[in-house]
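Let's take a walk through this one together, starting with ring contacts and ending with the pockets. Have your viewer open so you can follow along.

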Amino acid sequence: MEIRKIRSGEAGSIWRLLHDTVHRINQADYSHDELVVWAPDEYDAPHWVSRFIRTHPIVATEGRELLGFAELAEDGRIDLFYVHHAHQGVGVGRALMQRLKAEAGARGLQQLYCEASITARPFFERVGFSFVEQRELERKGERVPVLLMESKI
């Protein structure tokens, strides 16, 4: 498995991974309406390309297959962190998190935080995050419950 920065032309594949994973994995904890506002079915290429140019996500790949990706903001916020629905539980998420923690440490950050899905809570706890509080994000009139989680580096 290779962990590297996003390359030109990968935005669509990353969006597809996010969309499919949200709709297949998170359906156990979220309603259909919540999933649709979280990961709409329409791919907005200008939005996602612009976002990824700004956020410089890291990706996990094996050969030409995209296994997962993650974003780390300057303040230690992990905004997007997804592992392909067919590759969960095999170390992809752990490898991405190790890379994020190393990058954060190199930047001098002391802490990482995220607003994780209910579904992702067990993973984040396994990699050293602690639950802080439950919140609700409002997206397109729909309230989506998320969990604020933090980890010291």
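Start at Arg 121, which lies over the face of Phe 131, 4.3 Å from the ring centre. Keep in mind that you're looking at a predicted model.

From there, turn to rings that meet other rings. The count comes to nine aromatic pairs. Take Trp 15 and Tyr 43: their ring centres are 5.1 Å apart and the planes sit at 40°, so this pair is tilted. Trp 15 belongs to helix H1, while Tyr 43 is in the loop between helix H2 (32-38) and H3, so the contact ties together parts that are 28 residues apart in sequence. And how is each partner placed, buried or exposed? Trp 15 has a relative accessible area of 4%; anything under 20% counts as buried, so Trp 15 is buried. Tyr 43, at 34% relative accessibility, counts as partly exposed.

Now compare the geometry of Tyr 30 and Trp 38. Here the ring centres are 5.0 Å apart with the planes at 75°, and planes over 60 degrees apart count as edge-to-face, so that is the label this pair gets. Both Tyr 30 and Trp 38 are buried. There's also an aromatic cluster to pick out, formed by Trp 48, Phe 52, Phe 69 and Tyr 82.

Two of the residues we've just met turn up again in the largest pocket, so let's go there next. This pocket has a volume of about 1,000 Å³. It is lined by 43 residues, and the ones closest to its centre are Asn 26, Trp 38, Phe 81, Tyr 82 and Ser 117. Which helix gives the most to the lining of the largest pocket? That's H1 (residues 11-25), with four residues. Sort the lining by class and you get 23 nonpolar residues, along with 10 polar and 10 charged ones.

Last stop: the second largest pocket, with a volume of about 200 Å³. Its lining has 16 residues, and nearest the centre you'll find Arg 54, Thr 55, Glu 71, Leu 72 and Ala 73. Helices H3 (45-55) and H4 (92-106) each supply at least two residues of that lining, with H3 giving the most, at three. As for chemistry, the second largest pocket is lined by eight charged, six nonpolar and two polar residues.

How values were computed: Residues are numbered from 1 along each chain as its sequence is written. This is a predicted model: local features need pLDDT of at least 70, side-chain atom pairs count only at pLDDT 80 or more; totals for chains, interfaces and linings use all residues. Side-chain values use heavy atoms; hydrogens and water are left out. On a 1 Å grid over the protein atoms alone, a cavity is a set of points where a 1.4 Å probe fits but cannot get out, and a pocket is an open set with protein on both sides within 12 Å along at least five of seven lines; lining residues have an atom within 4 Å of a point. Grid points are joined across faces, edges and corners, and a volume is the space filled by probe spheres set on the points. Ala, Val, Leu, Ile, Met, Phe, Trp, Tyr, Cys and Pro count as nonpolar, Asp, Glu, Lys and Arg as charged, and the others, Gly among them, as polar. Rings of Phe, Tyr and Trp (its six-membered ring) pair if their centres lie within 6.5 Å; planes under 30 degrees apart count as stacked, over 60 as edge-to-face and the rest as tilted. Buried means under 20% relative accessible area, exposed over 50%, partly exposed in between (1.4 Å probe, protein chains only). A charge sits over a ring if NZ of Lys or CZ of Arg is within 6 Å of the ring centre and within 35 degrees of the ring normal.
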